[in-house]
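Let's take a friendly walk through this structure, with an eye on its charged pairs and its core.

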Amino acid sequence: MKILIVDDEKELTEPLEQILAQEGYEVDIADNGRTGLELAQENNYDLLILDWMLPQQSGLQICQYLRNQGDITPVLFLTAKDTIDDRVAGLDAGADDYLVKPFQLRELLARVRALLRRSPNFEASNSSKLKSADLELDSENQVAYRHGRTISLSAKEVQLLTLFMTHPGQLLTHEQIYQHLWSEGEQPNSNVVPALMRLLRRKIEAPGETPLINTVYGKGYRFGEN
């Protein structure tokens, strides 16, 4: 999933870019409105995060222009403009969400996830059937197939395998996996992720088959053939 951040505060964009990258997103940065609009038109982004007050062209103008062109990419305003009139103006310009600086990181990430669920690319990546190398997953029916074998999976195993198969070759940390599989209200034992990983490996990696889930010691796991 690709995100464009248009903001001229480097002290904000640099750490935010790192955090979003750690969450598995591809991030581009523009520090002025004109460049931001050009990037938004040239690339197929899944989400635009816009500051309002920008050099050369405001975030409000960017949003209005894109909407007038029929662009439906989700837009999140991330701005210090905090009056009710500002929020109304931003939403009326076509923004999908509005978050005032300073903000809580957890809230920003939750809003990003919610907006990305509207993306056509999200729908494709969350299709009920996924294929990677010689492994196929049918999440709707909770089964996988490999070398002619039918592999029954639990709901959590389907969630975990879907996460892996939609992020091939990417290091997924224990924390990322934990947050993906359980909501804030759930507090499973700290050993539950390694235990779930062992069960899934036994099912999809029969003796003689190429391992697909690779441990990155002290960090997490990476999916795909070495």
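## Salt bridges and packing

R146 has 1% relative accessibility and therefore counts as buried (buried is under 20% relative accessible area, exposed over 50%, partly exposed in between, with a 1.4 Å probe and protein chains only). This is a predicted model, where local features need pLDDT of at least 70, side-chain atom pairs count only at pLDDT 80 or more, and totals for chains, interfaces and linings use all residues. Residues are numbered from 1 along each chain as its sequence is written, and side-chain values use heavy atoms, leaving out hydrogens and water.

R146 forms a salt bridge with E209, meaning a side-chain nitrogen of Lys or Arg within 4 Å of a carboxyl oxygen of Asp or Glu. E209, at 12% relative accessibility, counts as buried too. By this rule there are 11 salt bridges, including these:

| Pair | Closest N to O |
|---|---|
| R146 and E209 | 3.5 Å |
| D7 and K101 | 2.8 Å |
| K203 and E157 | 2.8 Å |

D7 and K101 are both buried, and they belong to a salt-bridge network with E9 and D51.

What about K203 and E157? K203 counts as partly exposed because its relative accessibility is 28%, whereas E157, at 3%, counts as buried.

Now to the nonpolar side. The largest nonpolar core (buried Ala, Val, Leu, Ile, Met, Phe, Trp, Tyr and Cys residues joined through side-chain atoms within 4.5 Å) has 25 residues, and L161, F164 and I177 have the most contacts inside it. Apart from this core lies another of 21 residues, among them L4 and Y45.
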